[in-house]
Structures are given as C-alpha cells and as structure tokens.
Amino acid sequence: MTQLNYDDIRNSRPDLVGQALQVGGQLLQPQGNLDCGEVGPVPVQAIMEAGQRYQALTKGSCAPQLAALVFDVTGDFRALDFYFPIVNSLKHDEAARQDFYNAIHYIGSHPGFDMRVIAEHRQDVTEQTPPAVRAMVGGHLAEVFFYRRDIIERLLSQPRHFLIYTNRAAFDQDGGLAGGDYNFGLEAIQLEMSRLFEGYSGQTPGVAPFLHELGHMLDHFEAETGGMGRCEGILPGMASRDGPVFTPQARQLFIAGKRLEQQRYIAYQHGQAKPNDPVPVGHPYVFQSDGEFIAGFLEMFFRNPNYFAAQNPQLYGAFAELLHQDPRRYWPEDFPFYVTENRKAYLGGQRPSPQHISIPY
Ligand SMILES: [Zn+2]
C-alpha cells in the first residue's frame, strides 16, 4: 500500500465505502491507523465515527474535511492549521503557534462567545455538536484579531451571538436569509454549518462565508459602548469615538482607499474607463452598500491579499494597520477566484449597476 501524505489529503472529504473509509483515493480498513503527519497516527475507526456524527446531526448536510475530523478525534489544534492561513507565518516560531491555538481555545470558552448550534424546529443541539465547529468559529476570530487582543476583548465584553444551523431547513425556520447573514434583531450571525467548511476543498483555502458575515457583525459592533448598533461600513477601531482601540492611520487609509475604489467603479459604471484603467478590487456586489463593502473587503484581505495590495495599497493598508497584520505573508499566491471573477465583472463589456457606497469623513 502506498503511503498517503497527510498534507495532501487533509482537505478531502472522506467517504464511507462499505465498512471502509475512502480517503485520497484509497480504502482504509477500520482496524488500521491513518498517519496524520505531525498529529501522529489516528485510528481509522474513530475518524469514521467522527464523520458519522456530522451525518446524523445535520441529516447529511455537513461533511467536513478530514482535517476537522482529525481534530474532533484528537483535540489537537495542529489538525486545524489548514483552515487558518495565518499559521503559515507562525510555523517557524513554536511559541507563537501555540499562542494561536491558545487564542482559539480562549475565545471558544470565553463567556462573551455565545455560539449555539440549532437544528430543525429551533432545537438547540450545541451539546451534541462535535468540537471542530466551535473551533472553526473561534479560530476565525483568533485569526482576525490575533494581533489586536484589545479589540477582541472589547468585542467579547458582552455576549456575541453566533447561530450555526445544522441544515437549510433549520436555518430557514429560524429566519436565516440568503446564504448567511447578520441578523439585526437577534444581533447574531446566522450560518449553516456546512458553510463553515465551504471553501476548504482545494489545496489552499477559498471562499470564506464566515469571514464575510463577521465583517457585517463587526460593522454593527460599537467599540465605544460594547453594544451592537447600526451599520456604518467601518470596523471597530476606525472611528475616533472607539476610544483606546481607535487606530487613526487605519481610518485615514480607509477613507483614501475607499474613495479610490469608488472613483474606479464610477468610471466603469459610466463607461468612461479607458482600456488600461485599473478595475476596482471588489466585485460590483460590494458597491451596493457600505455594509457589503466592508464585509467583502475583510474577506478579500484574508484571501487575495497580494492582488488587493497591488491594486489599492491604501485600502489594503487600512486593514493591515487596523489588524496589525499583513496576510501576504501567509499567501505565496492568492485564492484566484475572487481576482478573476471580480475582474471579469468589469472587463466583460457590461456596465456595472449604480454604486451606493459613501465615503466616511
Ligand atoms: Zn454581505
């Protein structure tokens, strides 16, 4: 039997085939172990059972990658490295890497971190939920705020609600909208569990629905009071009233960078762009409102930082200053989808619809 390289298969979704586990094109017998790289050997039987828990809990709606199942079995945070590109920059420094894992654990068990898992008929199944789900939500927060502990402390100073649904029916029954949302009335992110694991089937992470919805939640968060308020299209730390977390350079860069995006967009909207004029970094979708703008760009900051920074250094710099990090260090190459799709939207010959974003002053 050929040796499976764990790093090549951790992003695949194992299948049950008869009494065996199919992963990376091989059938593994339940009596054996799977060599999971740094994490070590893990019983195949236990991985199969971990997968079956999702199957039963979500009625087949959520089938996470091998990496999440290995975490569920072992509790070893290294199993989740694949989900958080920031770890690429921490690998040379064991203490920093451990600090990231500690941050996931800290956030996931913080009293202000109110994550609940809801099944059909609004049944709360948080207790029955495998641990990777909490670690995925906490891990995204740990990644965004790894270098801004002051902002995450402020954010969690009051309960923050993350509602994760076992499947589409559960999501719909609790008022979920579109592919996920920030619910203003519930003050909660609403997202199907399967979407937490979406975008992780390639060799590098792709679309990140949770990061997008987190952008909406952060926009509604008011750092000065610790409560939730209206959408203004900015992140905590970008307003002078945010007190100790206010980051003036981030605000200045955001204003300049957003203005540049708007100017580029308007040129395409009116058909005035010349053949080699730069296109906006964001898809026309993010120009429909200030809320979509901030949510879309937060996601792109963590997924296509190289293109983002090259096209609009000021807007990129706003996020880098605010979050004290530069994701280009984690990504030798961008997740290409957002780059190619967004460019196509402007260069395909059709004029984008009117923009509705505003520039803070
Ligand atoms: Zn949105």
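## Helix H3

Helix H3 (residues 66–74) is mostly covered, with seven of its nine residues buried (buried meaning under 20% relative accessible area, using a 1.4 Å probe and protein chains only). Helices here are DSSP runs of H or I with at least four residues, strands are E runs of at least two, and both are numbered from the N terminus. This is a predicted model, in which local features need pLDDT of at least 70 and side-chain atom pairs count only at pLDDT 80 or more, while totals for chains, interfaces and linings use all residues. Residues are numbered from 1 along each chain as its sequence is written, and side-chain values use heavy atoms, with hydrogens and water left out.

The buried residues of H3 are Leu66, Ala67, Ala68, Leu69, Val70, Phe71 and Asp72. Their packing partners are helices H1 (6–9), H2 (44–58) and H5 (131–144), together with strands S2 (20–23), S4 (33–35) and S5 (41–43). Just after H3 comes Gly75, with a positive phi of about 70°.

## The zinc site

Now to the metal. His212 (NE2), His216 (NE2) and two OE atoms of Glu292 coordinate the zinc ion at 2.1 to 2.6 Å. Donors are N, O and S atoms within 2.8 Å of the metal (3.2 Å for Na, K and Ca), and because water is not among the atoms, sites may look incomplete. The four donor atoms subtend angles of 53 to 147° at the zinc ion, so the arrangement is irregular; to count as tetrahedral, four donors need all angles between 85 and 135 degrees, and to count as square planar they need opposite donors over 155 degrees apart and all others between 65 and 115.

Along the sequence, the donor residues follow the spacing H-x3-H-x75-E. Both histidines, His212 and His216, sit in helix H9 (residues 209–220), four residues apart, or about one turn of the helix. Both His212 and His216 are buried.

## H9 against H11

The axes of H9 and helix H11 (residues 290–303) come within 8 Å and cross at roughly 135°. On the H9 side, the contact (heavy atoms within 4.5 Å) includes His212 and His216, and on the H11 side it includes Glu292.

## Arg148

Arg148 lies in the loop between H5 and helix H6 (149–155). Arg148 is buried, with a relative accessible area of 5%. Its C-alpha atom is 6.9 Å from that of His324, although the two residues are 176 apart along the chain. Neighbours within four places in sequence aside, Arg148 is in contact with Val245, Thr247, Glu321, Leu322, Leu323 and His324.

Notes
Tetrahedral: all angles 85-135°; square planar, octahedral: opposite > 155°, others 65-115°. Buried < 20%, exposed > 50% of the residue type's maximum accessible area, 1.4 Å probe, protein only. Axes fitted to C-alpha atoms, helices over the stretch in contact; angles between N-to-C directions.
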